[in-house]
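This report describes a predicted protein model, beginning with one strand and its surroundings and then turning to the chain as a whole.

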Amino acid sequence: MSLELIAREGLPLPANVPARRLVVDAPQWTTVARQLHETGAGLLTLWGADDRDRSGRFHVFAAFLSAGQAVVLQLALAGDRPVYPSLERWFPVAGRLQRAIHDLLGIAVDEGDRRPWLRHGGWPEHHFPLRKDVAAGDIRPGTPGPYPFVRVSGDGVHEIPVGPIHAGTIEPGHFRFSVVGEKVLRLEVRLGYAHKGVAKRFEALPLLEGHRLAARICGDSAVAYSWAYCAALEAIAGAAASPRAVHLRALALERERIANHVGDLGALGNDAGLAFGLTQFSALKERMLRLNHEVFGQRYLMDYVVPGGVRSDVGPRLVRLLLDEAAAIERDVVALRAIYDEHAGLQDRFKGAGQLTPSTAKALGAIGLVGRASGIEQDLRVAMPWAPYGDLRTVAALRVEGDVAARVQLRFDEVMESLRLGRLLLEQLPQGATSTAIPGGVKDAIGLGVIEGWRGPVMVALEAEAPSAIRRCHVHDPSWQNWPSIEHAIVGNIVPDFPLINKSFNLAYSGHDG
């Protein structure tokens, strides 16, 4: 049975990658989702919308990555407290996404886990801050209640609560370990402490300003988020950035990937007892950030990607500096990789630790770097290439072991590939303008921007409200898919290995919580 036979095509879904929108009823929502699961599609994200001022209904959307395209299902829901079919039985990540939708909009699922996810007492139980009749400044503090963690019982089993406030300067998250001695039997992660209400904030911004907020949702992925936002806006507006601008965007994205990977490689060496690695890789990252400031005007490129193009051009002198730096970084990374590979103590800590098997990764829907380290061959720069990646012939890195060592090796592989791509982008940099005007009077529409960031696919679903306002903007970080994977990867390991395993995933709190 084809998708066309059981669901009708919705309005066009402008996107920077091949995309379809299917309008479904409740039975079709379940049928199509199950069919997508059976054909190997992955759930990218879920989000809800309060459209009672237009249609008298709520809507819930589900975005999937399927066979080289994005498929978005749209389901209309009637009533003030609507219910829709859960997708958790086929896509485990749906569980937490559905809980977040309920906390924000009061849209519930018909079965499954209904514990609060985002609220944390930040607002009352029956107050839903993302509804259209709730003003942005309408803050009603709630009362935090006990959270029903899943309990593990048995002789010698006890719990170790860690967080949400940690000893280091890191973002908040709660980790509830169930252990026997030092051996971990179960881990349950609770997040949502970094929720900032960005979806509501977007509604107060003009369309041409939203990219600045998108870039600040998760600072280490500023280019990915701002590009995804601009891609969605440009798709709605029917505008396209110039070839030179998209080359410079891709250059910034690959530099963001390299900087994060080398930073992680240093931190992973340090967590395994090799402080030398932290020192060397931190120096590499610092050199990159300093050159970023000279070339692009910022160390972290939060304002470089703008609607219609990029903020500034890169002239011949700066191109030469970037090429020289790439050669130096490649030389240093090759040397440091040899040290890591030959260091017996380091490899003893890395190998076999925090293993996420390919079968478990597939069942959980792991994506991005985490998925590729466990045999899931998916990189949107290859599978759904947007300009300029269609001409670059990106080679996706892949490992199958799924342990800390695999995630370390994958980072090395991706650094080398990103250096190669960066050189190509600079050597083949087209002539021309770096910005294109976005036409006014953008029509009411939903646009989709999907960008393969360094963690995995970053998605922005942007709905315009003519002529220049944001009706809603939903952003998605790949950490949603991969946080549950840590809960599986730690089982059977000892508690002191958790910082190393956690760092090998290096998932976002801020990007995840929104």
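Strand E13 (residues 446–452) is largely enclosed by the rest of the structure, because seven of its seven residues are buried. Buried here means under 20% relative accessible area, exposed means over 50%, and partly exposed lies in between (1.4 Å probe, protein chains only). Strands (E, at least two residues) and helices (H or I, at least four) are DSSP runs numbered from the N terminus. Cover extends to both faces of E13: Ile446, Leu448, Val450 and Glu452 are buried on one side, and Gly447, Gly449 and Ile451 are buried on the other.

The model is predicted, so local features need pLDDT of at least 70 and side-chain atom pairs count only at pLDDT 80 or more, whereas totals for chains, interfaces and linings use all residues. Residues are numbered from 1 along each chain as its sequence is written, and side-chain values use heavy atoms, with hydrogens and water left out.

E13 is joined by seven bridges to strand E14 (residues 457–465), and the two run antiparallel; strands pair if DSSP finds at least two bridges between them. Within this pairing, Ile446 stands opposite Glu463 in E14. The two strands form a hairpin with four residues between them, and Gly456 in the turn has a positive phi of about 150°.

A second site is Leu185, which is found in strand E10 (residues 183–190). With a relative accessible area of 35%, Leu185 is partly exposed. Not counting residues up to four places away in sequence, Leu185 touches Val152, Val157, Ser178, Val179, Val180 and Val491; contact means heavy atoms within 4.5 Å. Leu185 and Ala100 are 85 residues apart in sequence, and their C-alpha atoms are 27 Å apart in space.

The following values describe the whole protein chain.

| Property of the protein chain | Value |
|---|---|
| Secondary structure | 17 helices and 15 strands |
| C-alpha span along principal axes | about 70 × 60 × 50 Å |
| Buried residues | 58% of the 514 residues |
| Accessible surface | about 19,800 Å², 55% of it from carbon and sulfur atoms |

The accessible areas come from the Shrake-Rupley method with a 1.4 Å probe, and for residues only the protein chains shown count as cover. The radius of gyration of the protein chain, taken over C-alpha atoms, is 23 Å, which agrees with the value near 24 Å for a compact globule of 514 residues. That globule rule is 2.2 Å times the number of residues to the power 0.38. Among contacts between residues at least 6 apart in sequence, 66% join residues at least 24 apart.
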